[in-house]
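Q: I'm new to reading protein models. Could you walk me through this one, feature by feature?

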Amino acid sequence: MGNKEIRLRFAPSPTGYLHIGGARTALFNWLYARHHKSTFILRIEDTDQIRSTEEAVNVILEGMKWLGLDWDEGPGKGGEYGPYFQMQRLPLYQEYTEKLLKDKKAYRCYCTREELAESREKQAKENKSLKYDRHCLNLSDEEMRKYEEEGRKPVIRLKIPAKKIVFNDLLRGEVTFDGGLLSDFVIMKSDGIPTYNYAVVIDDALMNITHVMRGDDHISNTPKQILIYEALGFAIPKFAHIPMIMGSDYTRLSKRHGATSVMEYKKMGYIPEAVVNYIAHLGWSSGDEREIFSPKELIKEFSLDKISKHAAVFNMDKLNWFNSEYLERMSVDSLTEMLIPHLKEANYIREEDLSEPKLEWLKEVVKLMQGRFKNFSQFIDYADYFFVDKINIEPQAFQSVLNKEGVPDILQALKEKLPFLKCWDEENIENAVRGVASSLQIKGGQIIHPTRVALTGKKIGPGLFELMVILGKEKIIKRLEEVVEKIKK
């Protein structure tokens with residue numbers, strides 16, 4: 001099975017969807033594991049009981065599957081280090097907490113919120129650093145009993161040694177923290193649920209995780225986690241903190257920069273391989289000019305030394321470029337197959353419509369439009385006139401192209417000529433259109449532009465004569481008639 005020693009994990013909290021930042025972290029872990037022929041684990045960190053939902057778990061799993069990031073151990077796969085949901089691991093955390101209490105490396109704290117706030121206020125007045133004042137560090141059994149009788153439920157705090165904490169980040173080199181600035185932080189809440197930093201260490205240690213690769217917003221958690229590893233006598237994994245993804249205005253990525261949820265991109269009609277290819281380039285580069293990589297090529301090329309130390313910038317135009325590159329390279333058959341669900345959703349086609357001739361016609365439409373749309377929702381907007389009876393003419397196109405003197409007469413002349421065409425193909429249609437132009441003594445453009453707007457409602461699109469072949473004689477004559485009426489009104 002390759003290098004069994006290396007084990008990486010992606011551990012999302014199911015409090016929302018799988019967002020672009022999370023997907024990039026998952027992808028980098030997956031690529032590293034696949035590159036080293038080692039193990040990639042998916043673990044669900046669901047200790048935030050108020051915000052964690054089953055629905056969010058499913059959305060995360062769905063997002064991972066859509067992107068093609070398969071995991072070796074985790075939900076639906078099992079594995080010898082399970083369970084892979086934190087809430088199913090509570091007895092483990094409890095067991096290690098007892099050990100820390102017994103070894104006097106942790107202690108019960110009964111302070112109320114009010115008491116903690118009061119202590120902080122006092123420290124602020126005295127210009128001291130704001131941290132827990134260790135009021136409960138050396139309570140006698142008597143004092144503890146008294147607090148228990150008052151109905152106070154304790155949290156468990158880790159006793160922090162005042163020392164320097166140093167670790168070697170695989171991307172940044174040596175990082176040093178002053179442990180003296182850290183407060184004795186809570187590792188178990190009063191309801192028996194572990195805090196994030198505590199659960200993550202026990203899980204990573206028991207699952208034999210060797211490399212923790214995550215966003216650099218976690219870097220401040222690392223010293224706390226190292227102290228927990230040391231207190232429990234666990235081996236410390238290697239850490240790599242990846243720079244964040246920013247929006248185009250260099251603020252944290254949010255909805256205004258484009259959808260942040262991976263499944264939104266599926267809905268909008270992006271190709272998963274294009275999304276993977278794009279997010280792989282957010283903070284990583286192969287070192288050469290090439291941009292399009294198959295997953296296999298990404299696995300082969302991926303290494304930590306090619307990850308940038310600067311924040312990556314998410315750019316919707318660039319994602320669209322990647323997606324259109326993939327769309328242009330696809331076969332018409334595959335593209336049509338992928339478009340069908342989107343066309344059904346837009347009510348442009350129904351299952352029962354998809355007879356052999358209709359499918360062939362649809363492929364002709366797709367072939368004509370290929371290279372003109374960047375995602376499937378754009379196709380739905382651009383190609384609507386093939387699927388509806390009544391087209392919407394863009395107001396600006398109506399004003400600037402159709403609402404001109406002489407246009408109704410030009411379109412009327414074309415409408416009268418077309419029924420006599422024996423053979424409905426590109427050559428004959430072009431001859432007819434140009435024939436009308438020459439009989440009216442006008443330039444080709446003066447008939448081509450209004451005809452396009454009359455048939456599609458848009459000023460730009462594919463070649464007019466190819467388009468007319470696919471739209472069909474009947475539809476065209478009807479549309480020309482309707483537009484002439486509309487202009488005259």
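A: Sure, let's start with a term. A polar contact is a pair of N or O atoms within 3.5 Å; within protein, one must be able to donate a hydrogen and the other to accept it, and residues adjacent in sequence count only if both atoms are side-chain atoms. Here, the side chains of Asn277 and Tyr326 are joined by a polar contact of 2.7 Å. Keep in mind that this is a predicted model, where local features need pLDDT of at least 70, side-chain atom pairs count only at pLDDT 80 or more, and totals for chains, interfaces and linings use all residues. Residues are numbered from 1 along each chain as its sequence is written, and side-chain values use heavy atoms, with hydrogens and water left out.

Q: Where does Asn277 lie?

A: Helices (H or I, at least four residues) and strands (E, at least two) are DSSP runs, numbered from the N terminus. Asn277 belongs to helix H9, residues 272-280. The chain has 20 helices and 11 strands.

Q: Is Asn277 buried or exposed?

A: Buried means under 20% relative accessible area, exposed over 50%, and partly exposed in between (1.4 Å probe, protein chains only). Asn277 has a relative accessible area of 0%, so it counts as buried. Across the chain, 49% of the 489 residues are buried.

Q: Which residues is Asn277 in contact with, leaving aside its neighbours within four places in sequence?

A: Contact means heavy atoms within 4.5 Å. For Asn277 the list is Glu291, Ile292, Phe293, Phe322 and Tyr326, and Tyr326 is also its partner in the polar contact.

Q: Now the backbone. Which residues have a positive phi without being glycine?

A: Two cases to look at are Arg134, with phi near 60°, and Asn347, with phi of about 60°. Arg134 sits in the loop between helix H4 (113-125) and helix H5 (141-149). Because its relative accessible area is 31%, Arg134 is partly exposed. Asn347 is found in the loop between helix H12 (332-345) and helix H13 (356-369). With a relative accessible area of 68%, Asn347 is exposed.

Q: And which peptide bond is cis?

A: Look at the bond from Gly82 to Pro83: it is cis, with omega near -5°. Pro83 is in the loop between helix H2 (54-67) and helix H3 (90-102).

Q: Last one: what does the C-alpha trace span along its principal axes?

A: About 105 × 50 × 40 Å.
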